[in-house]
Amino acid sequence: MMRRLAASAAFLVLGLAGCDRTEQPAETASETSALEVEASQPAPAQTPSDAPTSMAALGEAEPAAPGAPPFAALYPGATADTPAVIAAGDAGQGGLVTFETTATPDEVIAYYRDRAAQAGLRPVMGMNQGDARAYGAADGEPDGAKLSVVAAPAEGSTSVQLSWSEGR
């Protein structure tokens with residue numbers, strides 16, 4: 001449990017460290033990284049059967065925390081390890097929650113990729129490391145909405161870390 005919390009904290013700190021409010025020059029096609037190319041690919045065909053199909057469906061899932069945006073919902077049937085950690089700042093409310101599910105890491109990422117797309121967020125990061133999967137999406141504004149999901153196999157389940165910012 002301590003290792004999971006330490007990894008969660010490290011991921012959150014690294015994710016927030018990457019947030020920079022200064023204007024960045026536009027990238028050229030040759031500067032696009034392999035991660036960005038992978039993240040821009042469409043969701044895999046193996047989306048779970050309970051994935052939402054409309055924005056109305058996004059609101060029906062259990063929110064990860066009170067007041068969390070619809071794209072930051074717990075995966076259906078998941079069990080939170082502890083209550084979500086919530087914070088508010090210049091970019092609005094944000095939070096972090098870890099949970100367990102019987103779904104595979106691929107199913108979890110496909111679910112959140114779909115929710116992010118339906119909420120108007122664009123892929124900004126994707127990673128496959130062994131059996132672990134990670135996905136990040138944002139609305140493109142410096143203080144805008146953001147979503148980050150890391151899913152890794154655990155003993156008989158999948159351990160997931162979900163973090164979000166609702167944006168201004």
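This section describes the overall fold of the chain, helix H4, the hairpin of strands S4 and S5, and the surroundings of threonine 158.

The model is a predicted one. Its chain comprises four helices and seven strands, and from the N terminus on these elements follow the order α-α-α-β-β-β-α-β-β-β-β. Of the 168 residues of the chain, 38% count as buried. The accessible surface comes to about 9300 Å², and 57% of this area belongs to carbon and sulfur atoms. When contacts in the chain between residues at least 6 apart in sequence are considered, 60% of them join residues at least 24 apart.

Helix H4 covers residues 105-118. Its 14 residues, taken at 1.5 Å a residue, should span 20 Å, and the end C-alpha atoms are 20 Å apart, which agrees with that expectation. Ten of the 14 residues of H4 are buried, and the helix is therefore largely enclosed by the rest of the structure. The buried positions are Pro105, Val108, Ile109, Ala110, Tyr111, Tyr112, Arg113, Arg115, Ala116 and Gln118; Arg113 and Arg115 are thus listed alongside residues such as Val108 and Ile109. Glycine 120 follows H4 and has a positive phi, near 90°.

Strand S4 (residues 122-129) pairs with strand S5 (residues 132-138) in the antiparallel sense, over seven bridges. The two strands form a hairpin with two residues between them. Glutamine 129 stands opposite alanine 132 in S5. Within the turn, glycine 130 has a positive phi of about 65°.

Threonine 158 is located in strand S7, which runs over residues 157-165. Its relative accessibility is 3%; because residues under 20% are classed as buried, threonine 158 counts as buried. The side chain of threonine 158 reaches the backbone oxygen of alanine 103 at 2.5 Å. Alanine 103 also appears among the residues that threonine 158 touches, when residues up to four places away in sequence are not counted. The others in this set are Phe99, Glu100, Thr101, Thr104, Pro105, Ala151, Ala152 and Pro153. Through Pro105, the surroundings of threonine 158 include a residue of H4, and Pro105 is itself one of the buried residues of that helix.

Terms used
Residues numbered from 1 in each chain as written. Predicted model: local features only at pLDDT ≥ 70, side-chain atom pairs only at ≥ 80, totals over all residues. Heavy atoms only, no water. Buried < 20%, exposed > 50% of the residue type's maximum accessible area, 1.4 Å probe, protein only. Polar contact = N/O pair within 3.5 Å; in protein donor to acceptor, adjacent residues only side chain to side chain. Contact = heavy atoms within 4.5 Å. Expected span 1.5 Å × (residues − 1). Areas by Shrake-Rupley, 256 points an atom, 1.4 Å probe, with all protein chains shown as cover. Pairing = 2+ DSSP bridges.
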